[in-house]
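Good morning, and thank you for joining this meeting. I would ask you to look at the structure on the screen while I take you through its main features.

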Amino acid sequence: RQEHVALRRGGYTSVIPTGDMTFDDVLLFVRETPSGDAALVAINRLNESATRTVTVAGTSLTGSSLTDTLGWGGTATTSGSSVTATIPARSCAIFVP
C-alpha cells in the first residue's frame, strides 16, 4: 500500500466481468487517484483459479501493461480498454502499471 497512492487514497470503481457471473465469488475493482495513480484489485474466493475480463475504460489502466505487485501468481493482459485477469484459487492480486 505504501508504494501506490491509489491503494491508500484512490476512489473506488466497481468493474463488472463480461459474461454472466451472477453470484460469482470473484471481486474486481479499480482504485484511482485524480492524478492517475491506479490499481486493479482482484479477489478470488473460489477453490480454483479464475479468469475474468473487465473493461477499464476511462481509467489510467487503459492500454497499460500490468504487473501483480503481490507476486502470488496473478496475471493480467490488456487489450485496449479490456483487462483479462487470472487469479489463483483463494487468493488475490493487485495489478498496477
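Let me begin with a turn. In the hairpin formed by β2 and β3, five residues lie between the strands, and Gly36 there adopts a positive phi near 105°. Please keep in mind throughout that this is a predicted model.

The two strands of this hairpin, β2 and β3, pair in the antiparallel sense, with seven bridges between them. Strand β2 covers residues 26-32, and β3 covers residues 38-44. Thr33 is located in the loop that separates them. Is Thr33 buried or exposed? Its relative accessible area is 8%, so Thr33 is buried. The side chain of Thr33 also makes a polar contact, at 3.0 Å, with the side chain of Ser35.

What does Thr33 touch, once residues up to four places away in sequence are set aside? The answer is Val5, Ala6 and Gly10. The first of these names takes us to helix α1, residues 5-9, where Val5 lies. Val5 is partly exposed, with a relative accessible area of 32%. Apart from neighbours within four places in sequence, Val5 is in contact with Gly10, Thr33 and Asp37. Val5 can also be related to the glycine of the hairpin: the C-alpha atoms of Val5 and Gly36 are separated by 9.7 Å, while the two residues are 31 apart along the chain.

I turn now to the sheet as a whole. Five strands form an open sheet in the order β1-β2-β3-β8-β5, with antiparallel pairing. Its edge strands are β1, residues 11-14, and β5, residues 67-68, each of which pairs on one side only. In general terms, strands of a sheet pair through backbone hydrogen bonds, either parallel or antiparallel.

Let us follow the order from β3 onwards. Six of the seven residues of β3 are buried, and the strand is thus mostly covered. Strands β3 and β8 run antiparallel and are joined by five bridges. Within this pairing, Ala42 has Ala93 in β8 as its bridge partner. Strand β8, residues 91-96, is in turn joined to β5 by two bridges, again in an antiparallel arrangement. Here Thr67 has Val96 in β8 as its bridge partner.

Next, the surface. Which residues form a nonpolar patch there? They are Tyr12, Leu27 and Ile43, with about 270 Å² of accessible area together. Leu27 belongs to strand β2, and it stands opposite Ile43 in β3. With a relative accessibility of 38%, Leu27 counts as partly exposed.

My last topic is charge. Side chains of opposite charge can pair when their charged atoms come close. How many salt bridges does the structure hold? It holds one. Asp25 forms a salt bridge with Arg45, and their closest N and O atoms are 3.4 Å apart. This pair links distant parts of the chain, 20 residues apart: Asp25 is in the loop between β1 and β2, and Arg45 is in the loop between β3 and β4, the latter strand being residues 50-55. As to accessibility, Asp25 counts as partly exposed at 30%, whereas Arg45 is exposed, with a relative accessible area of 52%.

To close, I return to the hairpin: β2 and β3 are paired by seven bridges, and Gly36 has its positive phi in the hairpin of these strands. Thank you for your attention.

Key: Residues numbered from 1 in each chain as written. Predicted model: local features only at pLDDT ≥ 70, side-chain atom pairs only at ≥ 80, totals over all residues. Heavy atoms only, no water. Helix = DSSP H or I, 4+ residues; strand = E, 2+ residues; numbered from the N terminus. Buried < 20%, exposed > 50% of the residue type's maximum accessible area, 1.4 Å probe, protein only. Polar contact = N/O pair within 3.5 Å; in protein donor to acceptor, adjacent residues only side chain to side chain. Contact = heavy atoms within 4.5 Å. Pairing = 2+ DSSP bridges. Patch = residues over 30% accessible without salt bridge, like charges linked within 9 Å, V, L, I, M, F, W, Y side chains within 5 Å. Areas by Shrake-Rupley, 256 points an atom, 1.4 Å probe, with all protein chains shown as cover. Salt bridge = Lys/Arg side-chain N within 4 Å of Asp/Glu carboxyl O.
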